[in-house]
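User: I am new to this structure. Can you teach me how to read its features, one at a time?

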Amino acid sequence: MLMNRIGVILLAAGQGKRMRSSLPKVLHSLCGKPLFLHPLAVAQKLQPGKIVIVIGHGAESVQRSYVGTDVSWVIQEQQLGTGHAALCARTVFNDFSGDILILSGDVPLIMQSTLDAMIDMHRDQQAALTLMTAHLDDPKGYGRILRDDYGGISGIVEERDASERDKQIREVNAGVYVASADFLFAALERVKNHNQQGEYYLPDIVTIGLAQNQKIATFRVNDPREMMGINTREELAAMEKTLRERINGKWMEAGVTLKDPQTTYIDEGVTIGRDTLIGSNTHLRGRTTIGERCQIDGSAYLTDAELEDEVHLLFSVVITNSRIASGAIVGPFAHLRPGTALGRNVHIGNFVEAKQATIGDGTKANHLTYLGDCTIGRETNIGAGTITCNYDGFKKYRTTIGDRVQVGSDSTLIAPVSLGDDVYVATATTIRHDVPAGALVFNGREERVREGWTERKRDKMKGFKK
Ligand code: UD1
Ligand code: CA
């Protein structure tokens with residue numbers, strides 16, 4: 001029901017001083033995606049009526065990092081605190097009277113099911129404000145939850161303002177809130193900045209609500225790892241590990257074998273088919289998709305790669321923005337650069353580099369070859385040391401090679417040039433002109449032999465030292 005729709009405020013204006021970075025904190029990458037896009041993706045799953053992102057520090061670059069049009073951006077000119085940040089979003093909620101969920105751009109692992117449960121509880125209890133809490137073994141850095149003798153919440157104290165005794169409290173504020181819009185903005189208006197940091201603290205709406213006899217509820221998150229915030233690079237690394245474990249666990253659950261999950265790095269946007277086997281030190285980045293029954297031996301660095309079923313990547317390959325059809329074998333030590341498309345059962349062997357290369361079914365280039373800006377047909381064999389010379393220092397040119405062509409080792413194809421079907425290129429040929437189908441092409445060079453030459457040379461050079 002539209003009436004029940006929730007609004008979302010995502011706080012992302014802070015600089016993140018503790019990161020010691022020129023990059024705004026929320027743009028630091030977590031498993032291949034800027035930090036704040038993680039909670040944003042979760043918020044979107046709730047199908048909210050409105051999403052407002054409060055930005056400030058590095059506002060332009062933060063805004064540019066998200067391409068969707070389903071959010072409103074609000075600028076917080078000066079970062080005067082989380083309470084001030086949330087208040088900046090008010091203009092966008094003028095005509096809105098439902099509940100508002102507040103998330104932090106630096107709390108990325110929060111799960112949709114947890115938010116659903118929290119919103120349900122908020123509505124069941126008809127609370128004005130519900131805040132998420134967690135019990136931590138090491139609560140350092142978080143705001144602590146103060147409770148009265150009856151166990152009811154009585155306030156939140158920030159680490160910087162906490163007494164030694166308060167610091168012993170292990171129940172912390174997760175920084176996730178649900179509040180009715182009316183209560184929220186009225187309470188935020190009243191927040192003062194009388195604290196250690198001289199900031200307007202969002203959590204202060206708890207005491208303001210209590211003074212007004214509003215119902216304030218707390219929702220305890222089961223797995224505290226979900227609500228971990230990132231303030232330092234060390235926390236970022238720890239969180240990357242947590243998220244990686246979550247992602248790896250998901251793929252193993254879906255039927256993918258990971259030889260060494262500890263050294264398998266899979267970005268969130270990646271998909272992998274069943275019974276695919278992934279060796280150690282494999283990075284699957286960006287929008288990489290991998291089919292079923294593929295085998296990745298190890299040390300692979302794939303970015304936006306598309307592998308159909310039963311592709312075999314031998315040890316050590318780098319593949320960027322390329323497509324590989326089923327049955328192909330690539331590596332070891334191969335580099336497929338952007339715009340490469342391999343047909344079915346293609347073999348790309350050791351020390352082969354391809355770029356903007358379309359290679360037909362069953363074609364092989366097994367050793368030491370550069371295939372740049374070329375189209376190659378089916379069942380062709382590219383001999384060792386073949387080079388497509390695609391660049392004259394000014395422009396790039398294409399090479400076209402037909403079906404069933406035999407390119408002898410150490411051949412040089414100077415683009416633009418085209419070889420018809422069934423051409424036979426003799427070893428060590430330099431080709432400058434198009435070759436018609438079915439032809440043999442070779443460079444007329446006489447082979448000469450001088451018998452006994454080596455011995456005569458050595459005699460002559462006797463007495464000379466290098
Ligand atoms: C905040 C809470 C703390 C809680 C913790 C949970 C406050 C005062 N404290 O502390 O109780 O335990 O989160 O992670 O809220 N931001 C702005 N504008 C500002 C300041 C911050 O947009 O002026 C944004 C930041 O970009 C960040 C979020 O608000 O995404 C939280 O700010 P941060 O400074 O990290 O708060 P914490 O000190 O972690
Ligand atoms: Ca934080």
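Analyst: Start with salt bridges. A salt bridge is a side-chain nitrogen of Lys or Arg within 4 Å of a carboxyl oxygen of Asp or Glu. This is a predicted model. R144 and E159 form such a bridge, with their closest N and O atoms 2.8 Å apart. The pair links distant parts of the chain: R144 sits in strand 8 (residues 144–147), and E159 in the loop between strand 9 (153–157) and helix 5 (164–167). They are 15 residues apart.

User: Are R144 and E159 buried or exposed?

Analyst: Both R144 and E159 are buried. Buried means under 20% relative accessible area.

User: How many salt bridges are there by this rule?

Analyst: The count comes to 21.

User: What does a salt bridge inside a helix look like?

Analyst: Begin with the geometry. An α-helix has 3.6 residues a turn, so residues three or four places apart point the same way. Now the case here. K167 and E164 both lie in helix 5, 3 residues apart, about one turn of the helix. They form a salt bridge, and the closest N and O atoms are 3.6 Å apart.

User: How are K167 and E164 classed by accessibility?

Analyst: K167 has 27% relative accessibility, so it counts as partly exposed. E164 has 57%, so it is exposed. The cut-off for exposed is over 50%.

User: Which residue forms a salt bridge with R225?

Analyst: D223 does, with the closest N and O atoms 3.1 Å apart. R225 is partly exposed at 45% relative accessibility. D223 is partly exposed as well, at 27%. Bridges can also share partners: E292, R293 and E310 are joined into one network that way.

User: How do I read a metal site?

Analyst: Look for the protein atoms that act as donors. For calcium, N, O and S atoms within 3.2 Å count. The calcium ion (ligand 2) has D106 (OD) and N231 (OD1) as its protein donors, 2.3 to 2.6 Å away. D106 lies in the loop between strand 6 (99–104) and helix 4 (112–124), and N231 in the loop between strand 11 (216–220) and helix 8 (233–253), so the pair ties together parts that are 125 residues apart in sequence.

User: Are D106 and N231 buried or exposed?

Analyst: D106 counts as buried, at 15% relative accessibility. N231 is buried too, at 17%.

User: What is the volume of the largest pocket, and which residues lie nearest its centre?

Analyst: Its volume is about 1,600 Å³. The lining has 49 residues, and R18, K25, D106, G141 and N231 lie nearest the centre. Strand 1 (7–12), helix 3 (82–88), strand 10 (171–180) and helix 8 each give two or more residues to that lining. Both calcium donors, D106 and N231, appear in that central group.

User: How do I find a residue packed inside?

Analyst: Check its accessible area, then its neighbours in space. A217 lies in strand 11. With a relative accessible area of 3%, A217 is buried. A217 and L131 are 86 residues apart in sequence, yet 6.5 Å apart in space, C-alpha to C-alpha. For a helix, list its buried residues. In helix 1 (residues 37–45) they are L37, H38, P39, L40, V42 and A43.

User: What about nonpolar residues at the surface?

Analyst: Look for patches. F315, F333, F351 and L368 make a nonpolar surface patch of about 420 Å². F315 is in the loop between strand 21 (312–313) and strand 22 (317–320). F315 is partly exposed, at 41% relative accessibility.

User: Which backbone features should I check?

Analyst: Check phi and omega. Most residues other than glycine have a negative phi, and most peptide bonds are trans. Here, S316 has a positive phi near 70° and lies in the loop between strand 21 and strand 22. N281 has a phi near 55°. N281 is in the loop between strand 15 (277–278) and strand 16 (282–285), and is partly exposed at 33%. Q47, just after helix 1, has a positive phi of about 50°.

User: Where are the cis bonds to P332 and P416?

Analyst: One runs from G331 to P332, with omega near 0°. P332 is in the loop between strand 24 (329–330) and strand 25 (334–336). Another joins A415 and P416, with omega about 0°. P416 lies in the loop between strand 33 (412–414) and strand 34 (417–419).

Key:
Residues numbered from 1 in each chain as written. Chains lettered and ligands numbered in written order. Predicted model: local features only at pLDDT ≥ 70, side-chain atom pairs only at ≥ 80, totals over all residues. Heavy atoms only, no water. Patch = residues over 30% accessible without salt bridge, like charges linked within 9 Å, V, L, I, M, F, W, Y side chains within 5 Å. Areas by Shrake-Rupley, 256 points an atom, 1.4 Å probe, with all protein chains shown as cover. Helix = DSSP H or I, 4+ residues; strand = E, 2+ residues; numbered from the N terminus. Buried < 20%, exposed > 50% of the residue type's maximum accessible area, 1.4 Å probe, protein only. Donors = N, O, S within 2.8 Å, 3.2 Å for Na, K, Ca; no water. 1 Å grid on protein atoms, 1.4 Å probe; cavity = no way out; pocket = protein on both sides within 12 Å on 5 of 7 lines; lining within 4 Å. Points joined across faces, edges and corners; volume = space filled by probe spheres on them.
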